Amino acid sequence: MHTMKRRACLGLAALTFTACSSNDTSAPTVAGTLAPSAAETTPAPTTSLPTTTSTPTTTLETTTLPVTTTTIATEDLIKIAVQDYIAGYFRCGQRTTECDPSTFTAVQGHSRAKLSELTTGMGQQGLYFSTDIRGSYLVSESVSEESDERATAIYCAFDAMTVLGPNGPDGLPTVVNDQILSFKNEFILF
């Protein structure tokens with residue numbers, strides 16, 4: 001096992017969470033075709049309302065519900081930020097010409113400049129990361145909030161990613177680097 005320490009700086013400015021609707025109106029698929037929805041197979045019931053001359057009035061009681069909030073532990077926010085950074089890093093490595101490190105790195109530190117330099121050089125040479133991660137993963141070892149503006153996270157990485165290059169005579173991408181490494185990453189979050 002080869003162990004080395006890498007540093008990365010990224011930003012944890014704000015995280016936005018959106019909720020998914022449980023009201024999925026799409027019909028299920030059956031053998032690649034769209035199954036008819038209940039609305040298509042069952043006619044809508046028809047009703048007739050009796051005509052009346054009086055209009056009933058009803059007063060509804062209103063209730064104010066307490067504001068709900070979700071609290072996410074700082075350690076979990078730090079881990080989410082590291083995951084977001086890693087996802088951005090791999091997207092940049094897979095599409096080097098579309099990489100914009102400013103969308104997921106902090107102004108502080110050197111990560112933004114180093115990542116720009118890396119992806120520019122890879123793009124010029126026709127190199128890119130494979131989309132097959134071959135079992136690569138990260139494991140959080142420690143997370144610490146150093147101040148309100150800075151945190152550190154140490155991760156153990158198993159990196160089995162492949163760097164590919166221009167197509168060879170067979171029309172397939174050349175394998176430039178498929179070395180498997182284990183190492184520690186220290187992420188500094190601002």
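**Figure 1. Helix α3 of the predicted model, residues 111-125.** At 1.5 Å a residue, the 15 residues of α3 should span 21 Å, and the end C-alpha atoms lie 21 Å apart, so the expected and modelled spans agree. Ser 111, Leu 115, Thr 119 and Met 122 are the buried residues of this helix. Viewed down the axis of α3, these buried residues fall within an arc of 60°, so they line one face of the helix. An α-helix has 3.6 residues a turn, so residues three or four places apart point the same way. On the other side of α3, the exposed residues are Ala 113, Glu 117, Gln 124 and Gln 125. Gly 126, just after α3, takes a positive phi of about 75°.

**Figure 2. Helix α2, residues 74-94.** The 21 residues of α2 should span 30 Å at 1.5 Å a residue; the end C-alpha atoms are 30 Å apart, which agrees. Buried in α2 are Ile 78, Ala 81, Val 82, Tyr 85, Ile 86, Gly 88, Cys 92 and Gly 93. Seen down the axis of α2, they fall within an arc of 165°, so the buried residues line one face of the helix.

**Figure 3. The largest nonpolar core, with 15 residues.** Ile 78, Val 82, Ala 153, Phe 187 and Leu 189 touch the most other members of this core. Two or more residues come from each of α2 (74-94), β6 (151-159) and β9 (181-189). Helix α2 gives the largest share, six residues. Apart from this core lies another, of five residues, including Met 122, Leu 127, Phe 129 and Met 161. In soluble globular proteins, nonpolar side chains tend to be buried together.

**Figure 4. The disulfide between Cys 92 and Cys 99.** A search of the whole structure finds one disulfide. The sulfur atoms of Cys 92 and Cys 99 are 2.1 Å apart. The angle about the S-S bond is 80°, and the link is right-handed. Cys 92 has a relative accessible area of 5% and is buried; this cysteine is among the buried residues of α2. Cys 99 is also buried, with a relative accessible area of 17%, which falls under the 20% cut-off. Cys 156, at 27% relative accessibility, counts as partly exposed.

**Figure 5. The aromatic pair of Tyr 155 and Phe 187.** The count of aromatic pairs comes to eight. In the pair shown, the ring centres of Tyr 155 and Phe 187 are 5.7 Å apart and the planes stand at 85°, so the pair is edge-to-face. Tyr 155 lies in strand β6 and Phe 187 in strand β9, so the pair ties together parts that are 32 residues apart in sequence. Both rings belong to buried residues: Tyr 155 is at 5% relative accessibility, and Phe 187 has a relative accessible area of 1%. Phe 187 is also one of the residues that touch the most other members of the largest nonpolar core.

**Figure 6. The aromatic cluster that includes Tyr 155 and Phe 187.** Tyr 85, Tyr 89, Phe 90, Phe 104, Phe 129, Tyr 155 and Phe 187 form one cluster. Among the members, Tyr 85 is a buried residue of α2, while Phe 129 belongs to the nonpolar core of five residues.

Conventions. Residues are numbered from 1 along each chain as its sequence is written. This is a predicted model: local features need pLDDT of at least 70, side-chain atom pairs count only at pLDDT 80 or more; totals for chains, interfaces and linings use all residues. Side-chain values use heavy atoms; hydrogens and water are left out. A nonpolar core is a set of buried Ala, Val, Leu, Ile, Met, Phe, Trp, Tyr and Cys residues joined through side-chain atoms within 4.5 Å. Buried means under 20% relative accessible area, exposed over 50%, partly exposed in between (1.4 Å probe, protein chains only). Helices (H or I, at least four residues) and strands (E, at least two) are DSSP runs, numbered from the N terminus. The expected span of a helix is 1.5 Å times one less than its number of residues. The arc is that of the directions from the helix axis to the C-beta atoms. A disulfide is a pair of cysteine sulfur atoms within 2.5 Å. Rings of Phe, Tyr and Trp (its six-membered ring) pair if their centres lie within 6.5 Å; planes under 30 degrees apart count as stacked, over 60 as edge-to-face and the rest as tilted.
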